[in-house]
Amino acid sequence: MAKKILILPGDGIGQEVTSSMSEVLQYLIDEQNLDFQLSERKVGGSSFDEFGKPLTEETLDMAKNSDAILFGAVGGPEWDGLGWDDRPEQALLGLRKSLGLFANLRPAFLFNELASASPLKNHIIENLDILIVRELTGGVYFGEPRGIVDNETPKYGFNTMIYNEDEIRRIAKVAFEAAMNRDKKLCSVEKANVLEVSKFWRGVVTEMSAEYPEVELSHQLADNTAMQLVLNPNQYDVIVSGNLFGDILSDIAATLSGSIGMLPSASLNSSSQGMYEPCHGSAPDIAGLGIANPIAMIASLAMAFEYSLERVDLARRIESAIKTFISKGYRTKDLSTSNKFMKTEEVAPSIIRILQDEHE
Ligand code: NAD
(Lines give C-alpha, C1' and ligand atoms only; values in the text may rest on other atoms or scores of the structure.)
Protein backbone atom coordinates (compact mmCIF):
# COMPACT_ATOMS: atom_id res chain seq x y z
CA MET A 1 0.00 0.00 0.00
CA ALA A 2 1.21 3.50 -0.79
CA LYS A 3 2.80 5.34 2.12
CA LYS A 4 1.12 8.68 2.76
CA ILE A 5 3.26 11.71 3.51
CA LEU A 6 1.85 15.06 4.54
CA ILE A 7 4.09 18.09 4.12
CA LEU A 8 3.30 21.07 6.35
CA PRO A 9 5.80 23.86 5.54
CA GLY A 10 4.32 26.39 7.99
CA ASP A 11 5.74 29.89 8.26
CA GLY A 12 8.97 31.83 7.75
CA ILE A 13 11.95 29.63 6.89
CA GLY A 14 9.69 26.59 7.43
CA GLN A 15 8.66 27.09 3.80
CA GLU A 16 12.22 27.43 2.54
CA VAL A 17 13.61 24.39 4.34
CA THR A 18 10.68 22.11 3.44
CA SER A 19 11.11 23.06 -0.18
CA SER A 20 14.74 21.82 -0.05
CA MET A 21 13.66 18.66 1.78
CA SER A 22 10.94 18.01 -0.85
CA GLU A 23 13.57 18.10 -3.62
CA VAL A 24 15.57 15.38 -1.85
CA LEU A 25 12.40 13.37 -1.19
CA GLN A 26 11.30 13.62 -4.82
CA TYR A 27 14.74 12.54 -6.01
CA LEU A 28 14.57 9.39 -3.84
CA ILE A 29 10.99 8.67 -4.91
CA ASP A 30 12.12 8.75 -8.56
CA GLU A 31 15.37 6.88 -8.02
CA GLN A 32 13.76 4.11 -5.97
CA ASN A 33 10.36 4.17 -7.65
CA LEU A 34 8.74 4.53 -4.22
CA ASP A 35 4.99 4.13 -3.87
CA PHE A 36 4.45 7.34 -1.90
CA GLN A 37 1.44 9.66 -1.91
CA LEU A 38 2.43 13.25 -1.11
CA SER A 39 0.11 16.06 0.01
CA GLU A 40 0.88 19.56 1.18
CA ARG A 41 -1.20 21.86 3.39
CA LYS A 42 -0.84 25.20 5.11
CA VAL A 43 -0.33 25.22 8.88
CA GLY A 44 0.34 27.80 11.59
CA GLY A 45 0.18 31.50 10.75
CA SER A 46 -0.22 30.91 7.01
CA SER A 47 -3.22 28.65 7.72
CA PHE A 48 -4.67 31.27 10.07
CA ASP A 49 -4.36 33.92 7.34
CA GLU A 50 -6.23 31.78 4.80
CA PHE A 51 -8.67 29.72 6.91
CA GLY A 52 -8.89 31.63 10.23
CA LYS A 53 -7.34 28.66 12.13
CA PRO A 54 -3.73 27.54 12.65
CA LEU A 55 -4.80 23.92 12.08
CA THR A 56 -7.96 23.13 10.13
CA GLU A 57 -10.05 19.98 10.65
CA GLU A 58 -9.23 18.90 7.11
CA THR A 59 -5.47 19.19 7.71
CA LEU A 60 -5.80 17.34 11.02
CA ASP A 61 -7.74 14.53 9.30
CA MET A 62 -5.07 14.30 6.61
CA ALA A 63 -2.40 14.16 9.32
CA LYS A 64 -4.25 11.34 11.10
CA ASN A 65 -4.30 9.40 7.82
CA SER A 66 -0.62 9.91 7.04
CA ASP A 67 2.29 7.64 7.83
CA ALA A 68 4.66 10.58 8.20
CA ILE A 69 4.17 14.31 8.61
CA LEU A 70 7.05 16.53 7.57
CA PHE A 71 6.64 19.77 9.47
CA GLY A 72 8.68 22.95 8.81
CA ALA A 73 8.14 25.53 11.55
CA VAL A 74 5.40 27.92 12.61
CA GLY A 75 5.14 31.36 14.13
CA GLY A 76 6.29 34.89 13.56
CA PRO A 77 5.79 38.41 14.88
CA GLU A 78 2.80 39.07 12.60
CA TRP A 79 0.76 36.52 14.62
CA ASP A 80 2.11 37.36 18.10
CA GLY A 81 -0.93 39.51 18.96
CA LEU A 82 -3.45 36.70 18.34
CA GLY A 83 -5.43 35.08 21.16
CA TRP A 84 -4.12 31.79 22.63
CA ASP A 85 -6.27 29.46 20.47
CA ASP A 86 -5.36 31.19 17.22
CA ARG A 87 -1.61 31.27 17.74
CA PRO A 88 0.43 29.33 15.15
CA GLU A 89 2.05 27.17 17.89
CA GLN A 90 -1.39 25.70 18.66
CA ALA A 91 -1.08 23.73 15.42
CA LEU A 92 1.89 21.85 16.86
CA LEU A 93 0.16 21.12 20.14
CA GLY A 94 -3.03 20.08 18.30
CA LEU A 95 -1.13 17.64 16.08
CA ARG A 96 0.85 16.14 18.98
CA LYS A 97 -2.27 15.69 21.08
CA SER A 98 -4.59 14.35 18.36
CA LEU A 99 -2.04 11.88 17.03
CA GLY A 100 -0.87 10.80 20.48
CA LEU A 101 2.76 11.58 19.64
CA PHE A 102 4.19 10.58 23.02
CA ALA A 103 7.82 9.91 22.09
CA ASN A 104 10.07 12.78 21.10
CA LEU A 105 13.41 11.69 19.66
CA ARG A 106 16.05 14.39 19.54
CA PRO A 107 19.46 13.36 18.27
CA ALA A 108 22.33 15.70 19.09
CA PHE A 109 25.43 15.11 17.03
CA LEU A 110 28.43 17.04 15.90
CA PHE A 111 30.36 16.87 12.67
CA ASN A 112 33.93 17.30 13.89
CA GLU A 113 34.56 19.79 11.08
CA LEU A 114 32.04 22.08 12.84
CA ALA A 115 33.49 21.69 16.34
CA SER A 116 34.53 25.34 16.44
CA ALA A 117 30.83 26.32 16.30
CA SER A 118 30.22 24.57 19.61
CA PRO A 119 30.44 26.55 22.86
CA LEU A 120 32.45 23.63 24.33
CA LYS A 121 36.15 22.90 23.85
CA ASN A 122 36.94 20.63 20.91
CA HIS A 123 38.28 17.71 22.95
CA ILE A 124 35.05 17.61 25.01
CA ILE A 125 32.61 17.84 22.16
CA GLU A 126 34.33 15.89 19.35
CA ASN A 127 32.42 12.83 18.08
CA LEU A 128 29.26 13.84 19.96
CA ASP A 129 26.42 11.48 19.02
CA ILE A 130 23.62 11.13 21.54
CA LEU A 131 19.89 10.59 21.36
CA ILE A 132 17.46 12.11 23.84
CA VAL A 133 14.11 10.35 24.13
CA ARG A 134 11.64 12.67 25.84
CA GLU A 135 8.12 11.74 26.94
CA LEU A 136 5.92 14.32 25.24
CA THR A 137 2.27 13.94 26.22
CA GLY A 138 2.31 13.39 29.99
CA GLY A 139 4.03 14.47 33.19
CA VAL A 140 3.74 17.85 34.84
CA TYR A 141 2.85 19.70 31.61
CA PHE A 142 -0.46 17.87 31.40
CA GLY A 143 -1.04 16.53 34.95
CA GLU A 144 -4.31 17.34 36.75
CA PRO A 145 -5.18 19.01 39.03
CA ARG A 146 -3.45 22.25 38.12
CA GLY A 147 -4.27 25.89 38.58
CA ILE A 148 -3.81 29.24 40.23
CA VAL A 149 -5.70 29.92 43.44
CA ASP A 150 -5.98 33.65 43.99
CA ASN A 151 -8.86 33.81 46.47
CA GLU A 152 -6.81 32.50 49.40
CA THR A 153 -3.96 34.04 51.36
CA PRO A 154 -1.29 33.54 50.34
CA LYS A 155 -2.32 32.97 46.72
CA TYR A 156 -0.68 29.99 45.04
CA GLY A 157 -0.16 28.12 41.81
CA PHE A 158 0.19 24.35 41.49
CA ASN A 159 0.72 21.52 39.03
CA THR A 160 0.76 17.76 39.25
CA MET A 161 3.60 15.59 38.06
CA ILE A 162 2.12 12.20 37.36
CA TYR A 163 3.16 9.17 35.29
CA ASN A 164 1.36 5.85 35.25
CA GLU A 165 3.06 2.53 34.59
CA ASP A 166 1.83 2.29 30.98
CA GLU A 167 3.13 5.75 30.10
CA ILE A 168 6.56 4.92 31.52
CA ARG A 169 6.68 1.52 29.85
CA ARG A 170 5.86 2.80 26.37
CA ILE A 171 8.48 5.57 26.41
CA ALA A 172 11.08 3.28 28.01
CA LYS A 173 10.39 0.69 25.27
CA VAL A 174 11.15 3.30 22.58
CA ALA A 175 14.38 4.20 24.41
CA PHE A 176 15.54 0.61 25.01
CA GLU A 177 14.88 -0.23 21.35
CA ALA A 178 16.73 2.86 20.15
CA ALA A 179 19.66 1.85 22.39
CA MET A 180 19.62 -1.66 20.88
CA ASN A 181 20.19 -0.06 17.45
CA ARG A 182 23.00 2.15 18.76
CA ASP A 183 25.71 1.57 21.39
CA LYS A 184 23.38 -0.29 23.80
CA LYS A 185 23.69 2.23 26.64
CA LEU A 186 20.63 3.84 28.20
CA CYS A 187 20.61 6.47 30.93
CA SER A 188 17.23 7.10 32.58
CA VAL A 189 16.99 10.57 34.07
CA GLU A 190 14.67 11.76 36.85
CA LYS A 191 14.76 13.12 40.41
CA ALA A 192 14.21 9.94 42.39
CA ASN A 193 15.88 11.52 45.44
CA VAL A 194 13.03 14.01 45.94
CA LEU A 195 10.02 13.01 43.80
CA GLU A 196 7.82 9.95 44.32
CA VAL A 197 6.84 10.00 40.65
CA SER A 198 10.54 9.69 39.79
CA LYS A 199 11.09 6.86 42.27
CA PHE A 200 8.20 5.05 40.59
CA TRP A 201 9.64 5.84 37.12
CA ARG A 202 13.02 4.39 38.16
CA GLY A 203 11.36 1.21 39.42
CA VAL A 204 9.42 0.63 36.19
CA VAL A 205 12.44 1.30 33.95
CA THR A 206 14.61 -1.02 36.09
CA GLU A 207 11.97 -3.76 35.85
CA MET A 208 11.87 -3.38 32.05
CA SER A 209 15.61 -3.71 31.72
CA ALA A 210 15.20 -7.47 32.25
CA GLU A 211 13.67 -7.56 28.73
CA TYR A 212 16.78 -5.89 27.28
CA PRO A 213 19.74 -7.71 28.89
CA GLU A 214 22.13 -6.39 26.24
CA VAL A 215 21.42 -2.75 27.14
CA GLU A 216 23.54 -1.28 29.93
CA LEU A 217 21.05 0.75 31.99
CA SER A 218 22.05 3.56 34.34
CA HIS A 219 20.02 6.09 36.33
CA GLN A 220 20.95 9.70 36.88
CA LEU A 221 19.43 12.68 38.67
CA ALA A 222 18.34 15.41 36.25
CA ASP A 223 20.47 18.17 37.81
CA ASN A 224 23.56 16.00 37.49
CA THR A 225 22.70 15.18 33.84
CA ALA A 226 22.41 18.90 33.04
CA MET A 227 25.93 19.32 34.41
CA GLN A 228 27.36 16.15 32.83
CA LEU A 229 26.00 17.07 29.39
CA VAL A 230 28.29 20.08 29.46
CA LEU A 231 31.26 18.45 31.24
CA ASN A 232 31.38 15.12 29.41
CA PRO A 233 28.57 14.67 26.87
CA ASN A 234 30.26 11.69 25.23
CA GLN A 235 29.50 9.47 28.24
CA TYR A 236 25.93 9.14 26.88
CA ASP A 237 24.41 7.07 24.12
CA VAL A 238 20.63 7.25 24.70
CA ILE A 239 18.97 9.31 27.46
CA VAL A 240 15.32 8.77 28.39
CA SER A 241 13.39 11.24 30.48
CA GLY A 242 9.95 12.61 31.30
CA ASN A 243 8.43 15.68 29.71
CA LEU A 244 9.86 18.41 31.95
CA PHE A 245 13.44 17.16 32.38
CA GLY A 246 13.53 15.98 28.76
CA ASP A 247 12.54 19.46 27.58
CA ILE A 248 15.43 21.07 29.42
CA LEU A 249 18.02 18.41 28.64
CA SER A 250 17.22 18.24 24.92
CA ASP A 251 17.70 22.00 24.60
CA ILE A 252 21.05 21.81 26.39
CA ALA A 253 22.10 18.97 24.07
CA ALA A 254 20.98 20.90 20.97
CA THR A 255 23.05 23.89 22.03
CA LEU A 256 26.19 21.77 22.35
CA SER A 257 26.46 21.10 18.65
CA GLY A 258 26.51 24.83 18.04
CA SER A 259 24.23 25.03 15.02
CA ILE A 260 20.48 24.91 15.42
CA GLY A 261 20.09 24.54 11.65
CA MET A 262 21.52 21.00 11.75
CA LEU A 263 19.37 19.10 14.25
CA PRO A 264 16.27 17.05 13.34
CA SER A 265 13.60 15.57 15.58
CA ALA A 266 10.87 12.95 15.47
CA SER A 267 7.69 12.63 17.50
CA LEU A 268 6.14 9.16 17.34
CA ASN A 269 3.00 7.37 18.50
CA SER A 270 2.57 3.69 19.23
CA SER A 271 1.70 2.83 15.62
CA SER A 272 4.97 4.30 14.27
CA GLN A 273 3.13 7.26 12.85
CA GLY A 274 5.43 10.22 13.20
CA MET A 275 5.83 13.93 12.84
CA TYR A 276 9.31 15.01 11.75
CA GLU A 277 10.61 18.54 12.15
CA PRO A 278 13.79 20.52 12.60
CA CYS A 279 14.57 21.66 16.16
CA HIS A 280 14.59 25.30 15.09
CA GLY A 281 11.69 27.71 14.69
CA SER A 282 10.53 29.87 11.79
CA ALA A 283 13.49 32.30 12.16
CA PRO A 284 11.63 35.48 11.12
CA ASP A 285 14.93 37.39 11.24
CA ILE A 286 16.22 35.56 8.14
CA ALA A 287 12.96 34.45 6.47
CA GLY A 288 12.87 35.22 2.75
CA LEU A 289 16.59 35.96 2.52
CA GLY A 290 17.45 32.53 1.11
CA ILE A 291 20.11 31.88 3.74
CA ALA A 292 18.37 29.34 6.00
CA ASN A 293 20.17 26.06 6.55
CA PRO A 294 17.83 23.27 5.39
CA ILE A 295 19.94 20.38 6.74
CA ALA A 296 17.89 19.89 9.93
CA MET A 297 14.79 19.47 7.75
CA ILE A 298 16.56 17.09 5.35
CA ALA A 299 17.85 15.11 8.35
CA SER A 300 14.25 15.01 9.63
CA LEU A 301 13.33 13.30 6.35
CA ALA A 302 16.01 10.70 7.13
CA MET A 303 14.32 10.09 10.50
CA ALA A 304 10.97 9.67 8.72
CA PHE A 305 12.51 7.01 6.46
CA GLU A 306 13.86 5.24 9.54
CA TYR A 307 10.88 5.33 11.90
CA SER A 308 7.71 5.59 9.77
CA LEU A 309 8.51 4.71 6.16
CA GLU A 310 10.35 1.43 6.70
CA ARG A 311 13.39 2.39 4.64
CA VAL A 312 16.28 2.57 7.12
CA ASP A 313 18.62 2.14 4.14
CA LEU A 314 17.47 5.48 2.70
CA ALA A 315 17.78 7.12 6.12
CA ARG A 316 21.43 6.02 6.27
CA ARG A 317 22.05 7.27 2.71
CA ILE A 318 20.68 10.74 3.50
CA GLU A 319 22.75 10.91 6.70
CA SER A 320 25.84 9.84 4.82
CA ALA A 321 25.20 12.46 2.11
CA ILE A 322 24.90 15.18 4.78
CA LYS A 323 28.18 14.00 6.28
CA THR A 324 29.89 14.16 2.90
CA PHE A 325 28.37 17.59 2.25
CA ILE A 326 29.99 18.91 5.45
CA SER A 327 33.31 17.14 4.89
CA LYS A 328 33.54 18.64 1.39
CA GLY A 329 33.53 22.02 3.13
CA TYR A 330 30.09 23.19 1.91
CA ARG A 331 28.66 25.69 4.40
CA THR A 332 25.44 27.63 4.70
CA LYS A 333 25.67 31.10 6.21
CA ASP A 334 25.05 29.96 9.81
CA LEU A 335 28.03 27.57 9.58
CA SER A 336 30.38 29.66 7.50
CA THR A 337 33.40 31.30 9.08
CA SER A 338 33.99 33.51 6.03
CA ASN A 339 31.67 35.56 3.83
CA LYS A 340 31.51 32.70 1.31
CA PHE A 341 28.50 30.47 1.82
CA MET A 342 25.85 28.43 0.02
CA LYS A 343 22.33 29.74 -0.37
CA THR A 344 19.40 27.58 0.80
CA GLU A 345 18.37 26.69 -2.75
CA GLU A 346 21.83 25.34 -3.55
CA VAL A 347 21.88 22.79 -0.73
CA ALA A 348 19.36 20.19 -2.01
CA PRO A 349 20.91 19.94 -5.52
CA SER A 350 24.28 19.42 -3.89
CA ILE A 351 22.95 16.72 -1.50
CA ILE A 352 21.24 15.04 -4.47
CA ARG A 353 24.52 15.01 -6.43
CA ILE A 354 26.20 13.33 -3.46
CA LEU A 355 23.34 10.81 -3.20
CA GLN A 356 23.81 10.03 -6.90
CA ASP A 357 27.60 9.70 -6.58
CA GLU A 358 27.43 7.53 -3.46
CA HIS A 359 24.82 5.29 -5.12
CA GLU A 360 26.95 4.51 -8.16
P1 NAD B 1 14.33 30.20 15.89
O2 NAD B 1 14.79 28.80 16.03
O3 NAD B 1 13.32 30.45 14.84
O4 NAD B 1 15.59 31.16 15.63
C5 NAD B 1 16.65 31.31 16.57
C6 NAD B 1 17.90 31.84 15.84
O7 NAD B 1 18.47 30.78 15.06
C8 NAD B 1 17.60 32.97 14.86
O9 NAD B 1 18.67 33.88 14.87
C10 NAD B 1 17.53 32.28 13.51
O11 NAD B 1 17.89 33.11 12.42
C12 NAD B 1 18.53 31.14 13.67
N13 NAD B 1 18.09 29.94 12.91
C14 NAD B 1 17.08 29.10 13.21
N15 NAD B 1 16.98 28.15 12.28
C16 NAD B 1 17.95 28.39 11.36
C17 NAD B 1 18.33 27.74 10.16
N18 NAD B 1 17.70 26.62 9.71
N19 NAD B 1 19.34 28.25 9.45
C20 NAD B 1 20.01 29.36 9.89
N21 NAD B 1 19.70 30.02 11.03
C22 NAD B 1 18.66 29.53 11.77
O23 NAD B 1 13.76 30.64 17.32
P24 NAD B 1 13.02 31.99 17.76
O25 NAD B 1 13.65 33.16 17.08
O26 NAD B 1 13.00 31.94 19.23
O27 NAD B 1 11.54 31.84 17.26
C28 NAD B 1 11.03 32.40 16.05
C29 NAD B 1 9.60 31.94 15.85
O30 NAD B 1 9.57 30.52 15.69
C31 NAD B 1 8.68 32.26 17.03
O32 NAD B 1 7.44 32.66 16.53
C33 NAD B 1 8.58 30.93 17.76
O34 NAD B 1 7.37 30.81 18.48
C35 NAD B 1 8.64 29.97 16.61
N36 NAD B 1 9.11 28.61 16.95
C37 NAD B 1 8.53 27.59 16.31
C38 NAD B 1 8.95 26.30 16.53
C39 NAD B 1 8.28 25.20 15.77
O40 NAD B 1 7.55 25.47 14.84
N41 NAD B 1 8.54 23.96 16.11
C42 NAD B 1 10.02 26.06 17.39
C43 NAD B 1 10.64 27.15 18.01
C44 NAD B 1 10.18 28.43 17.78
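In this predicted model, a backbone N or O atom of V74 lies 2.9 Å from an oxygen atom of the ligand. The backbone contributes again at G76, where a polar backbone atom is 3.2 Å from a ligand oxygen. At E89 the side chain takes part instead, with a polar atom placed 2.6 Å from an oxygen atom of the ligand. Of the 810 Å² of accessible area that the ligand has on its own, the protein covers 67%.

The surroundings of the ligand can be described residue by residue. Its shell holds 21 residues, and those that come nearest are V74, E89, G281, A283 and D285. Two elements, β3 (68-73) and α4 (89-99), each give two or more residues to this shell. By class, the shell comprises 10 nonpolar, 7 polar and 4 charged residues.

Attention turns next to the pockets. The largest pocket has a volume of about 1,300 Å³. It is lined by 40 residues, of which R182, E306, Y307, R316 and E319 are the closest to its centre. Elements that give two or more residues to this lining include the strands β4 (103-109), β5 (129-135) and β11 (264-268), along with the helices α6 (165-180), α10 (295-307) and α11 (312-327). The most is given by α11, with 6 residues. In the lining, 19 residues are nonpolar, 8 polar and 13 charged.

As for the wider chain, an unreviewed UniProt entry lists residues 4-351 as "domain: Isopropylmalate dehydrogenase-like". This span is 40% helix and 18% strand, and its end C-alpha atoms lie 24 Å apart.

Terms used:
Residues numbered from 1 in each chain as written. Predicted model: local features only at pLDDT ≥ 70, side-chain atom pairs only at ≥ 80, totals over all residues. Heavy atoms only, no water. Near = heavy atom within 4 Å. Polar contact = N/O pair within 3.5 Å; in protein donor to acceptor, adjacent residues only side chain to side chain. Areas by Shrake-Rupley, 256 points an atom, 1.4 Å probe, with all protein chains shown as cover. Helix = DSSP H or I, 4+ residues; strand = E, 2+ residues; numbered from the N terminus. Nonpolar A, V, L, I, M, F, W, Y, C, P; charged D, E, K, R; others polar. UniProt positions renumbered as here; feature names shortened; annotations may be inferred. 1 Å grid on protein atoms, 1.4 Å probe; cavity = no way out; pocket = protein on both sides within 12 Å on 5 of 7 lines; lining within 4 Å. Points joined across faces, edges and corners; volume = space filled by probe spheres on them.
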